[in-house]
Amino acid sequence: LLCNCFVSIIGNVTALWTFIKKKPCAYPLRLLLMNIAISNILIAVIGEPMVILSGFTGFWCFGTYGRMLEAFVVTDCGLVSMSLTAVLAYERYVKTIHYEEVFSCSQARFITCFVWIFQTAYCVLPFLGIAEWAPEGIGISNSISWNT
């Protein structure tokens, strides 16, 4: 898990730096990949170190607010990454099979903003009392528990 954390940070920062160095929205594909890299960096910087340290101690060692932070960031960024990967797969499918552009840059911006807002709104629900953040597995990571 520790190696995964370092490789994820280095790989995604390198990808992000490459995309920023060039025009970020020259192609809609770059915008989608940039946002996937950002969400993966947030998971690797915030979520994974907390899980690694808790794994070394054998229990969750960051308290209630740490549980909420880790669960929110990992759940939100994980859902954003999966959603944008699905959009990316659709874009690649249409581009490969039908040889046509799927999204303009403005449409890619809209889709990316919509995914971030929608998934963040979904992950805010436990803060509003609709669900709660709870430990999962052996108690060193957290996620949404709908059993409230």
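**Figure 1. Cysteines without partners: the structure holds zero disulfides.** Cys 3 takes part in no disulfide, and the nearest cysteine sulfur, that of Cys 5, lies 9.9 Å away. Cys 61 is likewise in no disulfide, with the sulfur of Cys 5 as the nearest cysteine sulfur at 15 Å. Because a disulfide requires two cysteine sulfur atoms within 2.5 Å, neither the 9.9 Å of Cys 3 nor the 15 Å of Cys 61 qualifies. Cys 3 is exposed, with a relative accessible area of 61%. Cys 61 is partly exposed, at a relative accessible area of 35%. This view, like those that follow, shows a predicted model.

**Figure 2. The whole protein has four helices and two strands.** Read from the N terminus, the elements follow the order α-α-α-α-β-β. The C-alpha trace spans about 50 × 35 × 25 Å along its principal axes. Of the 148 residues in the protein, 43% are buried. Among contacts with a separation of 6 or more, 63% are between residues 24 or more positions apart. The accessible surface of the protein is about 8,600 Å², and carbon and sulfur atoms account for 70% of this area.

**Figure 3. The largest nonpolar core contains 23 residues.** Leu 84 and Phe 103 have the most contacts inside this core. Two or more residues each are given to the core by α2 (28-57), α3 (63-98) and α4 (105-124). Helix α3 supplies the largest share, nine residues.

**Figure 4. A close-up of the core centres on Phe 103, one of the two residues with the most contacts inside it.** Which residues does Phe 103 touch, not counting residues up to four places away in sequence? They are Pro 28, Val 87, Tyr 90, Glu 91, Ala 108 and Ile 111. The other residue with the most contacts inside the core is Leu 84.

**Figure 5. Ser 39 sits in helix α2.** Is Ser 39 buried or exposed? Its relative accessibility is 0%, so Ser 39 counts as buried. Leaving out residues up to four places away in sequence, Ser 39 touches Cys 77, Val 80, Ser 81 and Trp 116.

**Figure 6. Ile 117 belongs to helix α4.** With a relative accessibility of 59%, Ile 117 counts as exposed. The cut-off for exposed is over 50% relative accessible area, which is why the 59% of Ile 117 places this residue in that class. Ile 117 and Val 80 are 37 residues apart in sequence, and their C-alpha atoms are 9.3 Å apart in space. Val 80 is also among the residues that Ser 39 touches.

**Figure 7. Five residues form a nonpolar patch on the surface: Tyr 122, Phe 127, Leu 128, Ile 130 and Trp 146.** Together these residues have about 510 Å² of accessible area. Where is Phe 127 placed? Phe 127 is in the loop between α4 and β1 (132-136). Phe 127 is partly exposed, with a relative accessible area of 40%.

Technical notes. Residues are numbered from 1 along each chain as its sequence is written. This is a predicted model: local features need pLDDT of at least 70, side-chain atom pairs count only at pLDDT 80 or more; totals for chains, interfaces and linings use all residues. Side-chain values use heavy atoms; hydrogens and water are left out. A nonpolar core is a set of buried Ala, Val, Leu, Ile, Met, Phe, Trp, Tyr and Cys residues joined through side-chain atoms within 4.5 Å. Buried means under 20% relative accessible area, exposed over 50%, partly exposed in between (1.4 Å probe, protein chains only). Contact means heavy atoms within 4.5 Å. Patches are made of residues with over 30% relative accessible area and no salt bridge: like charges are joined within 9 Å, nonpolar side chains (Val, Leu, Ile, Met, Phe, Trp, Tyr) within 5 Å. Accessible areas come from the Shrake-Rupley method with a 1.4 Å probe; for residues, only the protein chains shown count as cover. A salt bridge is a side-chain nitrogen of Lys or Arg within 4 Å of a carboxyl oxygen of Asp or Glu.
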